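User: Hey, I'm new to this one and could use a walk through it. Can you take my questions as they come?

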Amino acid sequence: MKWFQKKLKEYSKLRGYQKPEKHSNVMKLDSNENYAIDPAFSSDIIEKANQLSDVREYPLGRAEKLVEAISDYIKVPTKMIGIGNGSDQIIDLFLANFVSDNTRVITTDPTFGFFEERCKLYSIPTIKIPFSKNMTLELKKFLSKGRESDILYLDSPNNPTGFQFAKKDLQKLINEFRGMVIIDEAYVEFADYSVVQLAKKKDNLIVVRTLSKAFGLAGLRLGYFVANKELVDVFSRVIQYPYPLNSIAIEAGILALKKSKYLLDVANTVKKERGIIIQKLRNTGAFEVFDSNANFVLFNAKGGYRRFYTALLEQGIVIRIIGKIGKNAGCLRVTVGTPQMNSKFLLAVRDLLK
Ligand SMILES: Cc1ncc(COP(=O)(O)O)c(C=O)c1O
């Protein structure tokens, strides 16, 4: 068999990242997007970005402006910031270029699906530490298994559980881990803390972030990361594509970052709404509902979870089927939307339980 046919056969056995199903005319609470942002805010940004871009040209020098805007937002020097076509692409480039034959990854079970699939693509052996029954993690297990691993990947908060280690525990883990640490802070604006400033002290720490969630720009594919200057220099000069982001996305990203105060206010509203969803789902007595530090809520709808999902879909509400997590057999994940969307979801839940 020719070498590439062999490789193709190997790859064809992989499942790949499972994107959510596409449904028309539904209330979309399945992808942790941010509908709480005023649509006029987003369209205004795109209009201005359009005016500022001449798409006949390569976006020379503009990515640097985006990095400056990120630097202002997170208070980290520009030399410590790299960008990518969504945080997916950044994670992918780190895995593709830094692993060797002996590299082993340690992460949680479950972890961010894309990361897991990428490890499979590059045949990286993965140690997975499962969540407990109440969707928390034990630091001790990470500390001991971490000694056998080269890359630690944690999404903090975790997708799909919403869990985030207590700050001192995550700091301890980062301090004790000897290999490369990737902390994915996609949902950090909805959480209680970030470890981004730690990257100033820890040379092995890479904090990956995105404008897809709190900034509501998932469709533009704007990701960034923070790490030591040398790593950022090599990544940006050698590993990353010359023009990873398109002109309109870059300009829109800069404009959105300048409005971060509004977006952080929206994130705060989402946090409050999350509390309401958790409480009301708990009050039904029908589910086990887990705490969350992100813009979504995970709940165990037990044996009838598929039926429940379908019944909601029939009412025009789409959430995400997660399935089994440890001993929790029927997990579903719902994104926090606008207060109106959340009320509609909660009313539909109440009606279905009657
Ligand atoms: C933990 C985590 N990281 C990264 C991403 C993807 O971010 P991006 O849109 O920047 O590729 C997601 C999206 O769902 C996510 O859940």
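Analyst: Sure, we'll go through the domains, the sheets, a helix or two and a few backbone oddities. Keep in mind that this is a predicted model.

User: Okay, which domains is the protein divided into?

Analyst: There are two pieces: domain 1 covers 21-37 + 261-353, and domain 2 covers 39-259. Their C-alpha centres lie 25 Å apart. The contact between them takes 26 residues from domain 1 and 25 residues from domain 2.

User: On the side of domain 1 that touches domain 2, which elements each supply at least two residues?

Analyst: Those are α10, β10 (296-300), β12 (320-325) and β13 (328-335). Of these, α10 gives the most, with 7 residues.

User: And how do the residues on that side divide into nonpolar, polar and charged?

Analyst: The side of domain 1 that touches domain 2 has 13 nonpolar, 7 polar and 6 charged residues.

User: Switching to sheets. What's the strand order in the one with 7 strands?

Analyst: It runs β2-β8-β7-β6-β5-β3-β4, as an open sheet with mixed pairing. The edges are β2 (81-85) and β4 (126-130); each has a single partner strand, so one side of each is left without a neighbour in the sheet. On average, neighbouring strands here are turned by 25° against each other, direction ignored.

User: Remind me, what do strands pair through?

Analyst: Backbone hydrogen bonds, and the pairing can be parallel or antiparallel.

User: So in which sense do β7 and β8 pair?

Analyst: Antiparallel, over 4 bridges, with β7 being residues 205-210. In that pairing V208 stands opposite F225 in β8. There's a helix on this sheet too: α3 packs on it, touching β2 and β8, and the direction of α3 makes about 120° with that of β2.

User: What about the sheet of 4 strands, what order does it have?

Analyst: That open sheet goes β9-β10-β13-β12, with antiparallel pairing. Its edge strands are β9 (288-289) and β12, each pairing on one side only. Further in, β10 and β13 pair over 5 bridges, and F299 stands opposite L332 in β13. Helix α11 (residues 305-314) packs on this sheet, touching β12 and β13, and its direction makes about 25° with that of β13.

User: Let's do helices. How many residues of α9 are buried?

Analyst: 9 of its 12 residues, so α9 is mostly covered, given that a residue counts as buried when 20 or more other C-beta atoms lie within 10 Å of its own. The buried ones are S247, A249, I250, E251, A252, G253, I254, A256 and L257. What covers them includes α2 (39-52), α3 (62-74), β8 (222-226) and α10 (260-284).

User: And what should α9 span at 1.5 Å a residue?

Analyst: Helix α9 (residues 247-258) should span 16 Å, and its end C-alpha atoms are 17 Å apart, which agrees.

User: Which residues are buried in α5?

Analyst: In α5, F114, F115, E116, R118 and C119 are buried. Their cover includes α4 (86-98), β3, β4 and β5. After α5 comes S123, whose phi is positive, near 50°.

User: What sign does phi have in most residues other than glycine?

Analyst: Negative, and most peptide bonds are trans. Here N32 has a positive phi near 55°, and K75 has one of about 60°.

User: Where are N32 and K75?

Analyst: N32 sits in the loop between β1 (27-28) and α2, while K75 is in the loop between α3 and β2.

User: Is each of them buried or exposed?

Analyst: N32 counts as buried, because it has 21 C-beta neighbours inside 10 Å. K75 is exposed, with 8 other C-beta atoms within 10 Å.

User: Last topic: which peptide bonds are cis?

Analyst: Among them are the bond from D109 to P110, with omega near 5°, and the bond from N159 to P160, with omega near 20°. P110 lies in the loop between β3 (105-109) and α5 (113-121). For P160, the place is the loop between β5 (151-155) and α7 (167-176).

How values were computed: Residues numbered from 1 in each chain as written. Predicted model: local features only at pLDDT ≥ 70, side-chain atom pairs only at ≥ 80, totals over all residues. Expected span 1.5 Å × (residues − 1). Contact = placed C-beta atoms within 7 Å. Domains from an automatic or database assignment. Nonpolar A, V, L, I, M, F, W, Y, C, P; charged D, E, K, R; others polar. Pairing = 2+ DSSP bridges. Axes fitted to C-alpha atoms, helices over the stretch in contact; angles between N-to-C directions.
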